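This report walks through selected features of one protein model, beginning with a loop and moving on to strands and helices. Please keep the structure open beside the text while reading.

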Amino acid sequence: MKKKTIWIIAIIMGTSFLILLFLQLRYIQEMADMKKEQFDESVNRALYQAARNLELNETLRFLEKDVNETERRAYRKDSVGTRTGAPGGAIQTSHQYSVTGKDGTMYSSFELKTIETKPSQMPKAMILHNDKNSLADASKSLQEIVKNRYVYQKALLDEVVYSILYSASDKPLKERINFKMLDQDLHAELLNNGINIPYHFTVSTQDGREVYRCPDYVDEGSEYVYSQVLFRNDPQQKMGVMKVHFPEMDRYIYSSIRFMIPAVCFTIVLLVTFIFTIFVIFRQKRYSEIKNDFINNMTHELKTPISSISLAAQMLNDDVVTKSPAMMKHLGGVINDESKRLRFLVEKVLQMSLFDRRKTIIKKRVLNLNDMVDTIANTFTLRVEHTGGKIFTDINAKVPNIYADEMHFQNVIFNLLDNAVKYRKPDQPVDITIKTWNTTNHLYLSIQDTGLGMKKEDARKVFEKFYRVHTGNVHDVKGFGLGLAYVKNILDLHKAEISVDSELGKGTKFTIKLPIMRDEPQEHINKQNINNK
(Lines give C-alpha, C1' and ligand atoms only; values in the text may rest on other atoms or scores of the structure.)
Protein backbone atom coordinates (compact mmCIF):
# COMPACT_ATOMS: atom_id res chain seq x y z
CA MET A 1 0.00 0.00 0.00
CA LYS A 2 1.28 3.44 -0.91
CA LYS A 3 2.16 5.86 1.83
CA LYS A 4 -0.27 8.43 0.40
CA THR A 5 -3.15 5.94 0.68
CA ILE A 6 -2.23 5.15 4.28
CA TRP A 7 -2.17 8.86 5.10
CA ILE A 8 -5.60 9.40 3.53
CA ILE A 9 -7.11 6.53 5.51
CA ALA A 10 -5.41 7.71 8.70
CA ILE A 11 -6.67 11.28 8.26
CA ILE A 12 -10.25 10.14 7.55
CA MET A 13 -10.35 7.71 10.50
CA GLY A 14 -8.59 10.09 12.85
CA THR A 15 -10.94 12.95 11.93
CA SER A 16 -13.96 10.68 12.44
CA PHE A 17 -12.75 9.64 15.90
CA LEU A 18 -12.05 13.25 16.88
CA ILE A 19 -15.49 14.41 15.68
CA LEU A 20 -17.16 11.55 17.57
CA LEU A 21 -15.22 12.43 20.71
CA PHE A 22 -16.11 16.12 20.29
CA LEU A 23 -19.82 15.32 19.88
CA GLN A 24 -19.79 13.15 23.00
CA LEU A 25 -18.08 15.85 25.04
CA ARG A 26 -20.46 18.47 23.65
CA TYR A 27 -23.45 16.31 24.54
CA ILE A 28 -22.12 15.86 28.06
CA GLN A 29 -21.61 19.60 28.40
CA GLU A 30 -25.11 20.39 27.14
CA MET A 31 -26.62 17.85 29.53
CA ALA A 32 -24.63 19.37 32.38
CA ASP A 33 -25.79 22.87 31.41
CA MET A 34 -29.39 21.71 31.24
CA LYS A 35 -29.09 20.02 34.62
CA LYS A 36 -27.53 23.19 36.02
CA GLU A 37 -30.43 25.30 34.73
CA GLN A 38 -32.96 22.92 36.28
CA PHE A 39 -30.99 22.99 39.51
CA ASP A 40 -30.89 26.80 39.52
CA GLU A 41 -34.61 27.03 38.85
CA SER A 42 -35.43 24.52 41.59
CA VAL A 43 -33.19 26.26 44.13
CA ASN A 44 -34.58 29.71 43.34
CA ARG A 45 -38.15 28.39 43.60
CA ALA A 46 -37.36 26.76 46.93
CA LEU A 47 -35.71 29.92 48.26
CA TYR A 48 -38.65 32.06 47.17
CA GLN A 49 -41.15 29.75 48.85
CA ALA A 50 -39.06 29.58 52.04
CA ALA A 51 -38.89 33.40 52.15
CA ARG A 52 -42.66 33.63 51.57
CA ASN A 53 -43.31 31.13 54.36
CA LEU A 54 -41.12 33.26 56.63
CA GLU A 55 -43.22 36.36 55.85
CA LEU A 56 -46.50 34.46 56.31
CA ASN A 57 -45.37 33.05 59.63
CA GLU A 58 -44.37 36.50 60.84
CA THR A 59 -47.72 38.01 59.76
CA LEU A 60 -49.66 35.18 61.39
CA ARG A 61 -47.66 35.53 64.59
CA PHE A 62 -48.35 39.26 64.89
CA LEU A 63 -52.04 38.88 63.97
CA GLU A 64 -52.51 36.20 66.62
CA LYS A 65 -50.77 38.43 69.10
CA ASP A 66 -53.03 41.38 68.23
CA VAL A 67 -56.20 39.28 68.35
CA ASN A 68 -55.24 37.86 71.71
CA GLU A 69 -54.67 41.36 73.08
CA THR A 70 -58.04 42.51 71.72
CA GLU A 71 -59.81 39.55 73.30
CA ARG A 72 -58.17 40.25 76.63
CA ARG A 73 -59.32 43.88 76.47
CA ALA A 74 -62.87 42.76 75.58
CA TYR A 75 -63.01 40.27 78.41
CA ARG A 76 -61.86 42.94 80.82
CA LYS A 77 -64.68 45.22 79.57
CA ASP A 78 -67.21 42.35 79.85
CA SER A 79 -66.22 41.75 83.44
CA VAL A 80 -67.29 45.33 84.34
CA GLY A 81 -70.84 44.98 82.93
CA THR A 82 -73.03 43.66 80.08
CA ARG A 83 -75.94 45.08 78.17
CA THR A 84 -79.45 44.03 79.22
CA GLY A 85 -81.26 41.41 77.25
CA ALA A 86 -78.21 39.68 75.81
CA PRO A 87 -77.67 36.11 76.93
CA GLY A 88 -74.45 35.18 78.67
CA GLY A 89 -73.25 38.77 78.97
CA ALA A 90 -73.25 39.30 75.22
CA ILE A 91 -73.70 42.72 73.68
CA GLN A 92 -76.97 43.21 71.82
CA THR A 93 -77.81 46.10 69.54
CA SER A 94 -81.08 46.68 67.68
CA HIS A 95 -81.77 48.90 64.64
CA GLN A 96 -85.09 49.60 62.90
CA TYR A 97 -85.09 49.82 59.08
CA SER A 98 -87.91 50.59 56.64
CA VAL A 99 -88.17 50.30 52.86
CA THR A 100 -90.01 53.16 51.05
CA GLY A 101 -90.62 53.89 47.42
CA LYS A 102 -89.86 57.03 45.41
CA ASP A 103 -93.27 58.49 46.19
CA GLY A 104 -92.72 58.14 49.91
CA THR A 105 -94.92 55.07 50.35
CA MET A 106 -93.55 52.59 52.90
CA TYR A 107 -93.52 49.08 51.57
CA SER A 108 -92.05 47.17 54.53
CA SER A 109 -90.04 47.50 57.67
CA PHE A 110 -87.64 45.19 59.54
CA GLU A 111 -85.48 45.12 62.66
CA LEU A 112 -81.71 44.22 62.50
CA LYS A 113 -80.42 42.78 65.77
CA THR A 114 -76.70 42.16 66.24
CA ILE A 115 -75.41 39.92 69.04
CA GLU A 116 -71.66 39.85 69.76
CA THR A 117 -70.60 37.11 72.11
CA LYS A 118 -66.84 37.63 71.65
CA PRO A 119 -64.87 40.40 69.99
CA SER A 120 -63.13 37.84 67.78
CA GLN A 121 -66.39 36.55 66.30
CA MET A 122 -68.12 38.10 63.31
CA PRO A 123 -71.47 39.82 64.08
CA LYS A 124 -74.57 37.73 63.61
CA ALA A 125 -77.77 39.45 62.49
CA MET A 126 -81.41 38.43 62.44
CA ILE A 127 -83.98 40.03 60.15
CA LEU A 128 -87.46 40.22 61.56
CA HIS A 129 -89.92 40.84 58.73
CA ASN A 130 -93.00 42.86 59.53
CA ASP A 131 -94.19 42.74 55.98
CA LYS A 132 -93.61 39.88 53.59
CA ASN A 133 -95.00 41.63 50.57
CA SER A 134 -91.81 43.50 49.63
CA LEU A 135 -89.08 40.92 50.37
CA ALA A 136 -87.09 41.67 47.20
CA ASP A 137 -86.81 45.37 47.91
CA ALA A 138 -85.83 44.67 51.49
CA SER A 139 -83.13 42.23 50.35
CA LYS A 140 -81.60 44.81 48.01
CA SER A 141 -81.50 47.40 50.70
CA LEU A 142 -79.92 44.94 53.11
CA GLN A 143 -77.25 44.05 50.58
CA GLU A 144 -76.28 47.70 50.23
CA ILE A 145 -76.04 48.05 53.98
CA VAL A 146 -73.93 44.90 54.38
CA LYS A 147 -71.68 45.93 51.46
CA ASN A 148 -71.05 49.36 52.94
CA ARG A 149 -70.33 47.82 56.30
CA TYR A 150 -67.92 45.25 54.69
CA VAL A 151 -65.96 47.94 52.81
CA TYR A 152 -65.66 50.00 55.97
CA GLN A 153 -64.51 47.07 58.10
CA LYS A 154 -62.07 45.86 55.38
CA ALA A 155 -60.47 49.30 55.29
CA LEU A 156 -60.13 49.19 59.07
CA LEU A 157 -58.62 45.68 58.84
CA ASP A 158 -56.11 46.73 56.15
CA GLU A 159 -55.11 49.65 58.29
CA VAL A 160 -54.57 47.35 61.25
CA VAL A 161 -52.55 44.86 59.20
CA TYR A 162 -50.31 47.54 57.69
CA SER A 163 -49.77 48.99 61.12
CA ILE A 164 -48.74 45.55 62.41
CA LEU A 165 -46.34 44.92 59.51
CA TYR A 166 -44.63 48.29 59.75
CA SER A 167 -44.28 47.92 63.48
CA ALA A 168 -42.73 44.47 62.86
CA SER A 169 -40.20 45.89 60.37
CA ASP A 170 -38.84 48.17 63.07
CA LYS A 171 -37.38 45.16 64.85
CA PRO A 172 -33.91 43.76 63.91
CA LEU A 173 -33.63 40.65 61.73
CA LYS A 174 -32.46 38.50 64.63
CA GLU A 175 -35.78 39.06 66.42
CA ARG A 176 -37.95 38.75 63.33
CA ILE A 177 -36.54 35.43 62.07
CA ASN A 178 -36.72 32.03 63.70
CA PHE A 179 -33.57 30.61 62.08
CA LYS A 180 -34.30 27.02 63.07
CA MET A 181 -37.72 27.21 61.45
CA LEU A 182 -36.19 28.92 58.41
CA ASP A 183 -33.71 26.04 58.07
CA GLN A 184 -36.54 23.51 58.32
CA ASP A 185 -38.64 25.34 55.72
CA LEU A 186 -35.66 25.62 53.39
CA HIS A 187 -34.88 21.92 53.71
CA ALA A 188 -38.52 20.98 53.11
CA GLU A 189 -38.83 23.22 50.05
CA LEU A 190 -35.60 21.86 48.56
CA LEU A 191 -36.91 18.31 49.03
CA ASN A 192 -40.21 19.30 47.39
CA ASN A 193 -38.20 20.49 44.38
CA GLY A 194 -36.15 17.29 44.13
CA ILE A 195 -32.90 18.52 45.74
CA ASN A 196 -31.56 16.38 48.54
CA ILE A 197 -27.91 17.38 48.95
CA PRO A 198 -26.11 19.22 51.78
CA TYR A 199 -26.35 23.00 51.80
CA HIS A 200 -25.10 25.91 53.90
CA PHE A 201 -26.74 29.29 54.30
CA THR A 202 -26.23 32.69 55.87
CA VAL A 203 -28.55 35.61 56.57
CA SER A 204 -27.29 39.18 56.30
CA THR A 205 -28.62 42.71 56.07
CA GLN A 206 -28.79 44.73 52.88
CA ASP A 207 -25.52 46.47 53.71
CA GLY A 208 -23.71 43.11 54.00
CA ARG A 209 -23.61 42.63 57.80
CA GLU A 210 -23.99 38.94 58.56
CA VAL A 211 -26.54 38.18 61.30
CA TYR A 212 -26.62 34.37 61.10
CA ARG A 213 -24.54 31.49 59.77
CA CYS A 214 -25.57 27.82 59.93
CA PRO A 215 -23.57 25.82 62.53
CA ASP A 216 -21.85 23.46 60.05
CA TYR A 217 -20.99 26.17 57.54
CA VAL A 218 -18.03 25.53 55.17
CA ASP A 219 -16.71 27.63 52.28
CA GLU A 220 -16.50 24.74 49.82
CA GLY A 221 -18.70 25.51 46.82
CA SER A 222 -19.24 29.14 47.87
CA GLU A 223 -18.27 30.32 44.37
CA TYR A 224 -21.84 29.42 43.32
CA VAL A 225 -24.15 31.31 45.71
CA TYR A 226 -27.92 31.63 45.43
CA SER A 227 -29.45 34.75 47.03
CA GLN A 228 -33.00 35.49 48.13
CA VAL A 229 -34.38 38.74 49.57
CA LEU A 230 -36.29 38.39 52.85
CA PHE A 231 -39.23 40.69 53.69
CA ARG A 232 -39.16 42.15 50.16
CA ASN A 233 -42.23 44.36 50.87
CA ASP A 234 -40.50 46.15 53.74
CA PRO A 235 -38.44 49.31 53.31
CA GLN A 236 -35.19 48.49 51.58
CA GLN A 237 -33.00 49.15 54.59
CA LYS A 238 -35.13 46.72 56.62
CA MET A 239 -34.88 43.82 54.15
CA GLY A 240 -32.66 40.80 54.71
CA VAL A 241 -30.67 38.58 52.30
CA MET A 242 -30.42 34.80 52.55
CA LYS A 243 -27.45 33.23 50.71
CA VAL A 244 -27.25 29.49 50.08
CA HIS A 245 -24.52 27.37 48.49
CA PHE A 246 -24.11 23.64 47.89
CA PRO A 247 -20.68 21.97 48.42
CA GLU A 248 -21.67 18.93 46.35
CA MET A 249 -23.43 20.79 43.54
CA ASP A 250 -20.99 19.68 40.79
CA ARG A 251 -21.25 16.06 41.90
CA TYR A 252 -25.05 16.32 41.85
CA ILE A 253 -25.13 17.87 38.38
CA TYR A 254 -22.68 15.41 36.80
CA SER A 255 -24.22 12.39 38.54
CA SER A 256 -26.90 12.27 35.85
CA ILE A 257 -24.35 12.00 33.03
CA ARG A 258 -22.04 9.41 34.54
CA PHE A 259 -23.32 6.84 32.08
CA MET A 260 -21.56 8.81 29.30
CA ILE A 261 -18.12 8.55 30.90
CA PRO A 262 -17.50 4.90 29.81
CA ALA A 263 -18.48 5.82 26.25
CA VAL A 264 -15.97 8.67 26.21
CA CYS A 265 -13.29 6.44 27.72
CA PHE A 266 -13.87 3.73 25.11
CA THR A 267 -13.72 6.34 22.35
CA ILE A 268 -10.40 7.63 23.67
CA VAL A 269 -9.07 4.06 23.90
CA LEU A 270 -10.13 3.42 20.31
CA LEU A 271 -8.49 6.68 19.21
CA VAL A 272 -5.22 5.82 20.97
CA THR A 273 -5.34 2.28 19.54
CA PHE A 274 -5.92 3.66 16.06
CA ILE A 275 -2.99 6.07 16.38
CA PHE A 276 -0.77 3.25 17.62
CA THR A 277 -1.93 1.05 14.73
CA ILE A 278 -1.09 3.75 12.19
CA PHE A 279 2.28 4.19 13.86
CA VAL A 280 2.94 0.44 13.63
CA ILE A 281 1.87 0.40 9.98
CA PHE A 282 4.30 3.19 9.11
CA ARG A 283 7.06 1.55 11.10
CA GLN A 284 6.48 -1.80 9.39
CA LYS A 285 6.41 -0.06 6.04
CA ARG A 286 9.72 1.61 6.85
CA TYR A 287 11.17 -1.75 7.97
CA SER A 288 9.93 -3.26 4.74
CA GLU A 289 11.69 -0.57 2.74
CA ILE A 290 14.85 -1.02 4.80
CA LYS A 291 14.75 -4.78 4.28
CA ASN A 292 14.36 -4.25 0.54
CA ASP A 293 17.41 -2.00 0.64
CA PHE A 294 19.21 -4.67 2.66
CA ILE A 295 18.41 -7.36 0.11
CA ASN A 296 19.60 -5.11 -2.70
CA ASN A 297 22.81 -4.24 -0.84
CA MET A 298 23.42 -7.84 0.17
CA THR A 299 22.98 -8.97 -3.43
CA HIS A 300 25.41 -6.32 -4.57
CA GLU A 301 27.90 -7.12 -1.78
CA LEU A 302 27.83 -10.88 -2.38
CA LYS A 303 27.99 -10.50 -6.12
CA THR A 304 31.46 -8.91 -6.06
CA PRO A 305 33.39 -11.68 -4.21
CA ILE A 306 31.45 -14.40 -6.02
CA SER A 307 32.35 -12.84 -9.37
CA SER A 308 36.02 -12.56 -8.36
CA ILE A 309 36.15 -16.19 -7.19
CA SER A 310 34.34 -17.35 -10.33
CA LEU A 311 36.73 -15.43 -12.57
CA ALA A 312 39.78 -16.86 -10.77
CA ALA A 313 38.38 -20.38 -11.10
CA GLN A 314 37.78 -19.92 -14.80
CA MET A 315 41.36 -18.74 -15.27
CA LEU A 316 42.61 -21.81 -13.41
CA ASN A 317 40.55 -24.06 -15.67
CA ASP A 318 41.45 -22.20 -18.85
CA ASP A 319 44.23 -24.03 -20.70
CA VAL A 320 45.06 -20.92 -22.67
CA VAL A 321 46.18 -19.04 -19.55
CA THR A 322 49.78 -19.70 -18.62
CA LYS A 323 49.97 -21.33 -15.20
CA SER A 324 53.13 -19.68 -13.90
CA PRO A 325 53.92 -19.82 -10.17
CA ALA A 326 53.33 -16.09 -9.91
CA MET A 327 49.96 -16.39 -11.65
CA MET A 328 48.96 -19.32 -9.47
CA LYS A 329 49.95 -17.41 -6.37
CA HIS A 330 48.00 -14.38 -7.52
CA LEU A 331 44.87 -16.37 -8.33
CA GLY A 332 45.14 -18.27 -5.05
CA GLY A 333 45.43 -15.00 -3.16
CA VAL A 334 42.39 -13.57 -4.92
CA ILE A 335 40.33 -16.67 -4.13
CA ASN A 336 41.51 -16.62 -0.51
CA ASP A 337 40.85 -12.89 0.01
CA GLU A 338 37.43 -12.97 -1.63
CA SER A 339 36.50 -16.10 0.31
CA LYS A 340 37.42 -14.35 3.55
CA ARG A 341 35.37 -11.34 2.51
CA LEU A 342 32.44 -13.55 1.58
CA ARG A 343 32.73 -15.42 4.87
CA PHE A 344 32.87 -12.13 6.80
CA LEU A 345 29.67 -10.92 5.13
CA VAL A 346 27.89 -14.19 5.77
CA GLU A 347 29.09 -14.26 9.39
CA LYS A 348 27.72 -10.78 9.95
CA VAL A 349 24.29 -11.78 8.67
CA LEU A 350 24.35 -15.01 10.69
CA GLN A 351 25.42 -13.14 13.81
CA MET A 352 22.42 -10.84 13.52
CA SER A 353 20.19 -13.87 13.01
CA LEU A 354 21.32 -15.08 16.44
CA PHE A 355 20.06 -11.82 17.90
CA ASP A 356 16.80 -12.27 16.01
CA ARG A 357 16.40 -15.63 17.75
CA ARG A 358 17.03 -13.67 20.96
CA LYS A 359 19.88 -15.86 22.15
CA THR A 360 23.61 -15.58 21.75
CA ILE A 361 26.62 -17.09 23.48
CA ILE A 362 29.41 -14.85 24.73
CA LYS A 363 32.60 -15.77 26.54
CA LYS A 364 33.63 -13.16 29.06
CA ARG A 365 37.02 -12.76 30.61
CA VAL A 366 39.19 -9.99 32.00
CA LEU A 367 40.62 -7.79 29.24
CA ASN A 368 42.84 -4.71 29.17
CA LEU A 369 41.03 -2.09 27.09
CA ASN A 370 44.18 0.00 26.60
CA ASP A 371 46.07 -2.93 25.11
CA MET A 372 43.10 -3.90 22.89
CA VAL A 373 42.76 -0.37 21.55
CA ASP A 374 46.48 -0.09 20.87
CA THR A 375 46.54 -3.42 18.98
CA ILE A 376 43.47 -2.60 16.87
CA ALA A 377 44.83 0.88 16.06
CA ASN A 378 48.08 -0.61 14.76
CA THR A 379 46.16 -3.14 12.66
CA PHE A 380 43.86 -0.49 11.20
CA THR A 381 46.61 2.04 10.52
CA LEU A 382 47.33 0.86 6.97
CA ARG A 383 43.68 1.16 5.91
CA VAL A 384 43.41 4.69 7.29
CA GLU A 385 46.72 5.75 5.78
CA HIS A 386 45.49 4.42 2.43
CA THR A 387 42.92 7.26 2.49
CA GLY A 388 45.67 9.76 3.32
CA GLY A 389 44.66 10.11 6.95
CA LYS A 390 46.05 9.03 10.30
CA ILE A 391 44.99 7.32 13.53
CA PHE A 392 45.70 9.15 16.78
CA THR A 393 45.49 7.41 20.15
CA ASP A 394 45.09 9.09 23.52
CA ILE A 395 45.16 6.23 26.05
CA ASN A 396 44.72 7.68 29.55
CA ALA A 397 42.60 5.10 31.37
CA LYS A 398 44.19 4.34 34.74
CA VAL A 399 41.84 1.41 35.41
CA PRO A 400 41.60 -0.20 31.94
CA ASN A 401 40.35 -3.69 32.87
CA ILE A 402 36.95 -4.79 31.55
CA TYR A 403 35.01 -8.04 31.80
CA ALA A 404 34.02 -8.80 28.21
CA ASP A 405 34.02 -11.23 25.29
CA GLU A 406 37.25 -10.52 23.41
CA MET A 407 36.06 -11.39 19.90
CA HIS A 408 32.78 -9.49 20.13
CA PHE A 409 34.32 -6.46 21.78
CA GLN A 410 37.03 -6.30 19.12
CA ASN A 411 34.31 -6.51 16.49
CA VAL A 412 32.62 -3.54 18.16
CA ILE A 413 35.73 -1.39 17.80
CA PHE A 414 36.42 -2.65 14.26
CA ASN A 415 32.85 -1.80 13.20
CA LEU A 416 33.16 1.76 14.54
CA LEU A 417 36.53 2.24 12.78
CA ASP A 418 35.16 0.68 9.58
CA ASN A 419 32.25 3.15 9.58
CA ALA A 420 34.67 6.04 10.08
CA VAL A 421 36.54 5.01 6.90
CA LYS A 422 33.40 4.22 4.89
CA TYR A 423 31.69 7.52 5.62
CA ARG A 424 34.66 9.79 4.93
CA LYS A 425 34.45 12.84 2.73
CA PRO A 426 34.94 11.96 -0.95
CA ASP A 427 38.56 12.30 -2.12
CA GLN A 428 39.63 13.63 1.29
CA PRO A 429 41.71 11.97 4.01
CA VAL A 430 40.03 10.99 7.26
CA ASP A 431 41.66 11.34 10.66
CA ILE A 432 40.54 9.10 13.52
CA THR A 433 41.17 9.75 17.22
CA ILE A 434 40.77 6.96 19.80
CA LYS A 435 40.68 7.88 23.50
CA THR A 436 40.30 6.01 26.79
CA TRP A 437 39.81 7.60 30.20
CA ASN A 438 38.31 6.97 33.63
CA THR A 439 35.85 8.61 35.96
CA THR A 440 35.08 7.46 39.49
CA ASN A 441 32.80 4.58 38.48
CA HIS A 442 33.18 4.21 34.72
CA LEU A 443 35.64 3.54 31.92
CA TYR A 444 35.18 5.45 28.66
CA LEU A 445 36.23 4.76 25.07
CA SER A 446 35.63 7.27 22.27
CA ILE A 447 36.24 7.05 18.52
CA GLN A 448 36.08 10.37 16.66
CA ASP A 449 36.51 10.99 12.93
CA THR A 450 36.60 13.92 10.52
CA GLY A 451 34.24 12.35 7.99
CA LEU A 452 30.87 13.28 6.54
CA GLY A 453 28.96 13.36 9.82
CA MET A 454 25.18 13.01 9.85
CA LYS A 455 21.98 14.84 10.68
CA LYS A 456 20.44 14.63 14.13
CA GLU A 457 17.47 12.59 12.89
CA ASP A 458 19.90 10.06 11.38
CA ALA A 459 21.96 9.97 14.58
CA ARG A 460 18.86 8.84 16.52
CA LYS A 461 18.31 5.88 14.16
CA VAL A 462 21.82 4.60 13.33
CA PHE A 463 21.59 1.79 15.90
CA GLU A 464 18.43 0.35 14.33
CA LYS A 465 18.80 -2.82 12.31
CA PHE A 466 19.05 -2.35 8.52
CA TYR A 467 19.09 1.43 8.87
CA ARG A 468 21.66 3.19 6.71
CA VAL A 469 22.39 6.88 6.32
CA HIS A 470 21.75 7.77 2.71
CA THR A 471 24.57 9.53 0.88
CA GLY A 472 22.98 9.92 -2.53
CA ASN A 473 23.40 6.59 -4.28
CA VAL A 474 22.36 3.71 -2.05
CA HIS A 475 25.32 1.61 -3.05
CA ASP A 476 28.05 4.22 -2.91
CA VAL A 477 28.85 3.01 0.64
CA LYS A 478 28.98 -0.75 0.97
CA GLY A 479 27.22 -2.56 3.82
CA PHE A 480 24.02 -4.11 5.11
CA GLY A 481 23.06 -1.63 7.82
CA LEU A 482 23.83 -4.24 10.47
CA GLY A 483 27.14 -3.02 11.90
CA LEU A 484 25.89 -0.46 14.42
CA ALA A 485 22.89 -2.61 15.37
CA TYR A 486 25.38 -5.38 16.17
CA VAL A 487 27.49 -2.90 18.20
CA LYS A 488 24.46 -1.80 20.23
CA ASN A 489 23.36 -5.37 20.99
CA ILE A 490 26.85 -6.46 22.08
CA LEU A 491 27.29 -3.44 24.35
CA ASP A 492 23.87 -4.06 25.90
CA LEU A 493 24.94 -7.59 26.74
CA HIS A 494 28.03 -6.12 28.43
CA LYS A 495 25.85 -3.61 30.34
CA ALA A 496 27.60 -0.78 28.55
CA GLU A 497 26.16 2.33 26.91
CA ILE A 498 26.97 3.99 23.61
CA SER A 499 26.11 7.50 22.43
CA VAL A 500 26.74 9.39 19.22
CA ASP A 501 27.51 13.05 18.68
CA SER A 502 27.62 14.13 15.05
CA GLU A 503 27.36 17.24 12.92
CA LEU A 504 26.83 17.10 9.20
CA GLY A 505 30.05 17.93 7.37
CA LYS A 506 32.22 17.97 10.52
CA GLY A 507 32.47 14.33 11.57
CA THR A 508 31.12 11.89 14.13
CA LYS A 509 32.08 10.85 17.65
CA PHE A 510 30.98 7.56 19.27
CA THR A 511 31.43 7.26 23.05
CA ILE A 512 31.22 3.93 24.93
CA LYS A 513 30.59 3.97 28.67
CA LEU A 514 31.66 0.82 30.56
CA PRO A 515 31.36 -0.06 34.25
CA ILE A 516 34.66 -0.33 36.10
CA MET A 517 35.53 -3.89 37.06
CA ARG A 518 36.45 -3.96 40.77
CA ASP A 519 36.66 -7.75 41.29
CA GLU A 520 38.20 -10.22 38.89
CA PRO A 521 35.67 -13.00 38.19
CA GLN A 522 36.71 -16.35 36.83
CA GLU A 523 36.50 -16.89 33.12
CA HIS A 524 33.31 -18.63 32.12
CA ILE A 525 30.78 -18.92 29.31
CA ASN A 526 27.77 -16.74 29.86
CA LYS A 527 24.63 -17.49 27.89
CA GLN A 528 22.35 -14.48 27.95
CA ASN A 529 18.95 -13.67 26.65
CA ILE A 530 18.67 -10.40 24.79
CA ASN A 531 15.29 -9.80 26.37
CA ASN A 532 17.02 -9.45 29.76
CA LYS A 533 19.83 -7.19 28.61
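## Two loop residues with positive phi

In the loop that runs between strand S6 (225-230) and strand S7 (240-245) sits Phe231, a residue of what is a predicted model. The phi of Phe231 is near 55°, a positive value in a residue other than glycine. With a relative accessible area of 2%, Phe231 is buried, because buried means a relative accessible area under 20%.

A second loop, between helix H11 (483-493) and strand S13 (497-503), holds Lys495. Lys495 is not a glycine either, yet it has a positive phi of about 55°. Its surroundings can be read from its accessibility: at 71% relative accessibility, Lys495 counts as exposed, since the cut-off for exposed is over 50%.

## The chain as a whole

The protein chain has a secondary structure of 11 helices and 15 strands. Of its 533 residues, buried residues make up 33%. Among the contacts in the protein chain with a separation of 6 or more, 69% are between residues 24 or more positions apart.

## Strand S12 and its partners

Strand S12 (residues 442-449) has six of its eight residues buried, and it is therefore largely enclosed by the rest of the structure. S12 pairs with strand S11 (residues 432-438) in the antiparallel sense, over seven bridges, and a hairpin of three residues joins S11 to S12. Within this pairing, Asn438 has Leu443 in S12 as its bridge partner.

S12 is also joined to strand S14 (residues 507-515), again by seven bridges, and these two strands run antiparallel. Here Gln448 has as its bridge partner Lys509, which belongs to S14.

## Helix H9 and its two neighbours

Helix H9 (residues 406-422) meets helix H8 (residues 369-386), and H9 also packs with H11. The geometry of the two helix pairs is set out below.

| Helix pair | Axis separation | Angle | Handedness |
|---|---|---|---|
| H8 and H9 | within 11 Å | roughly 40° | right-handed |
| H9 and H11 | 9 Å | about 145° | left-handed |

What is the orientation of H8 and H9 to each other? The axes of H8 and H9 cross at roughly 40°, and the two helices are therefore oblique to each other. H8 passes H9 in a right-handed crossing. On the H8 side, the contact is made by Leu369, Met372, Val373, Ile376, Thr379, Phe380, Arg383 and Val384, while H9 contributes Glu406, Phe409, Gln410, Ile413, Phe414, Leu417, Asp418 and Val421. By character, the residues of the contact of H8 with H9 divide into 11 nonpolar, two polar and three charged.

The crossing of H9 and H11 is left-handed. In this contact, His408, Phe409, Asn411, Val412, Asn415, Leu416 and Asn419 of H9 meet Gly483, Leu484, Tyr486, Val487, Ile490 and Leu491 of H11. The residues of the contact of H9 with H11 divide into eight nonpolar and five polar, with no charged residues. Phe409 of H9 is listed in the contact with H8, and Phe409 is listed in the contact with H11 as well.

Definitions and conventions. Residues are numbered from 1 along each chain as its sequence is written. This is a predicted model: local features need pLDDT of at least 70, side-chain atom pairs count only at pLDDT 80 or more; totals for chains, interfaces and linings use all residues. Side-chain values use heavy atoms; hydrogens and water are left out. Buried means under 20% relative accessible area, exposed over 50%, partly exposed in between (1.4 Å probe, protein chains only). Helices (H or I, at least four residues) and strands (E, at least two) are DSSP runs, numbered from the N terminus. Two strands pair if DSSP finds at least two bridges between them. Axes are lines fitted to C-alpha atoms, for helices over the stretch in contact, and angles run from 0 to 180 degrees between N-to-C directions. Angles under 35 degrees count as roughly parallel, over 145 as roughly antiparallel, 65 to 115 as roughly perpendicular and the rest as oblique. A crossing is left-handed if the near helix is turned anticlockwise from the far one by less than a right angle, and right-handed if clockwise. Contact means heavy atoms within 4.5 Å. Ala, Val, Leu, Ile, Met, Phe, Trp, Tyr, Cys and Pro count as nonpolar, Asp, Glu, Lys and Arg as charged, and the others, Gly among them, as polar.
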